[in-house]
Amino acid sequence: ARDQSRVFLGYVAGAVDFLFKPVEAHVLRSKVEVFATLYRQRQRLQEQDRMREMFVGILGHDLRNPLSGVMMCAQLVLARTQDENLREPLARVLSNSQRMARMVEQLLDLTRLRLGDGIKLAPRPSDLRRLLDDVIAENELHQGRCRLEAVGDAAGTWDPDRMQQVISNLVGNAVRHGADGSPVLVKLDGTGQGRVVLTVHNVGPPIPDELHAVLFAAFRGHDHSRRGGGLGLGLYITDQLVRAHGGRISFESSADAGTTFTVSLPRHAQGGR
């Protein structure tokens, strides 16, 4: 019926369009053509998105080998020379190459996620305290800024490489975005039987309110006015890695209290995609 109340109920039920009896052939044909056109456009857009993601993945994969060569050569020369005129620029080359390598890995992870492959884990017995120590020891800036507090048992079953990536992202962000010279407090709580909790806290400018809702979204949670640059993928991939382990990540940020990221992990990850 053409009764408006019935039409309204149809929309409420989820219908997007109507045909009234008796059906008029030209009206039916026009509606079908519209929906067919929309369907074809959607299919083309999906194919374009897939090709774009594949291109990014191939590009990232092909960049890794020459980049590894650059880093290896820089490390080799740094280990053999005492010439300060060489060491400083080589250190910058190595630092920038490592930063670029992290970006390449982020692009590859993004491609895997967007193409539906997910992030595969290889869980094995690990110690989060040891992983934290390794991340801090590998970066001289982290050594001077980070304070680590650990209680309880930090042993569990996780993918150690992926968890190092999570820790490195969170600690690196805290160091970069914290107030100059201020300490970064990293706490590890392993007192719970089934979960281990990691928190990373820094003082300094808070995360802008407009970013709170999209902070863990790809490309959207990145504030270019903040220091550090990057692709805006770090927190997105960190969130996906924590989820793959069966955990969750959250944050609190204010001008008075600073910024705290909290990662809660099951003690034994199942190994997801």
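C146 has its bridge partner in β4: V184. This is a predicted model, in which local features need pLDDT of at least 70, side-chain atom pairs count only at pLDDT 80 or more, and totals for chains, interfaces and linings use all residues. Residues are numbered from 1 along each chain as its sequence is written, and side-chain values use heavy atoms, with hydrogens and water left out.

**Exercise 1. Strand pairing around β4**

Task: Find which strands pair with β4, in which sense, and over how many bridges.

Solution.
- Step 1. Fix the terms. Strands (E, at least two residues) and helices (H or I, at least four) are DSSP runs, numbered from the N terminus. Two strands pair if DSSP finds at least two bridges between them.
- Step 2. Take strand β2 (residues 146-152). β2 pairs with β4 in the parallel sense, over seven bridges.
- Step 3. Take strand β5 (residues 195-202). β5 runs antiparallel to β4, and six bridges join them. In this pairing, L188 stands opposite L198 in β5.
- Step 4. Check the connection. β4 and β5 form a hairpin, with four residues between them.
- Step 5. Add the burial of β4 (residues 184-190). Buried means under 20% relative accessible area, exposed over 50%, and partly exposed in between (1.4 Å probe, protein chains only). Five of the seven residues of β4 are buried, so the strand is mostly covered.

**Exercise 2. The length of α6**

Task: Compare the expected span of α6 with the distance between its end C-alpha atoms.

Solution.
- Step 1. Count residues. Helix α6 covers residues 160-177, which is 18 residues.
- Step 2. Apply the rule. The expected span is 1.5 Å times one less than the number of residues. For α6 this gives 26 Å.
- Step 3. Compare. The end C-alpha atoms are 25 Å apart, which agrees.
- Step 4. Look at the start of the helix. A side-chain oxygen of D159 comes within 3.1 Å of the backbone nitrogen of D161. This is a polar contact: N or O atoms within 3.5 Å, one able to donate a hydrogen and the other to accept it within protein, with sequence-adjacent residues counting only if both atoms are side-chain atoms.
- Step 5. Check the surroundings. Of the 18 residues of α6, 14 are buried, and the helix is mostly covered.

**Exercise 3. Salt bridges within helices**

Task: For E88, D133 and D239, name the salt-bridge partner and give the closest N and O distance.

Solution.
- Step 1. State the criterion. A salt bridge is a side-chain nitrogen of Lys or Arg within 4 Å of a carboxyl oxygen of Asp or Glu. The whole structure holds five salt bridges.
- Step 2. Treat E88. The partner is R92, at 3.2 Å. Both lie in helix α3 (residues 84-114), four residues apart, so about one helical turn separates them. R92 is partly exposed at 47%.
- Step 3. Treat D133. The partner is R129, at 3.4 Å. They are four residues apart in helix α4 (residues 128-137), so the separation is again about one helical turn. D133 is partly exposed at 34%, and R129 is partly exposed at 35%.
- Step 4. Treat D239. The partner is R243, at 2.9 Å. Both lie in helix α7, four residues apart, about one turn. Helix α7 covers residues 234-244.

**Exercise 4. Burial at the D239 pair**

Task: Decide for D239 and R243 whether each is buried or exposed.

Solution.
- Step 1. D239 has a relative accessible area of 7%, so D239 is buried.
- Step 2. R243 has 55%, so R243 counts as exposed.
- Step 3. List the contacts of D239 (heavy atoms within 4.5 Å). Beyond its neighbours within four places in sequence, D239 touches F216 and I249.

**Exercise 5. Aromatic pairs**

Task: Classify the ring pairs Y11 with F18 and F216 with F261.

Solution.
- Step 1. Set the cut-offs. Rings of Phe, Tyr and Trp (its six-membered ring) pair if their centres lie within 6.5 Å; planes under 30 degrees apart are stacked, over 60 edge-to-face, the rest tilted. The structure holds five such pairs.
- Step 2. For Y11 and F18, the centres are 5.0 Å apart and the planes stand at 85°, so the pair is edge-to-face. Y11 is partly exposed at 45%, and F18 is partly exposed at 22%.
- Step 3. For F216 and F261, the centres are 6.4 Å apart and the planes stand at 80°, so this pair is edge-to-face. F216 lies in the loop between β5 and α7 and F261 in strand β7 (residues 258-266), so the pair ties together parts 45 residues apart in sequence. Both F216 and F261 are buried.
- Step 4. Look for a cluster. Ring pairs link Y11, F18 and F20 into one.

Definitions and conventions
Contact means heavy atoms within 4.5 Å.
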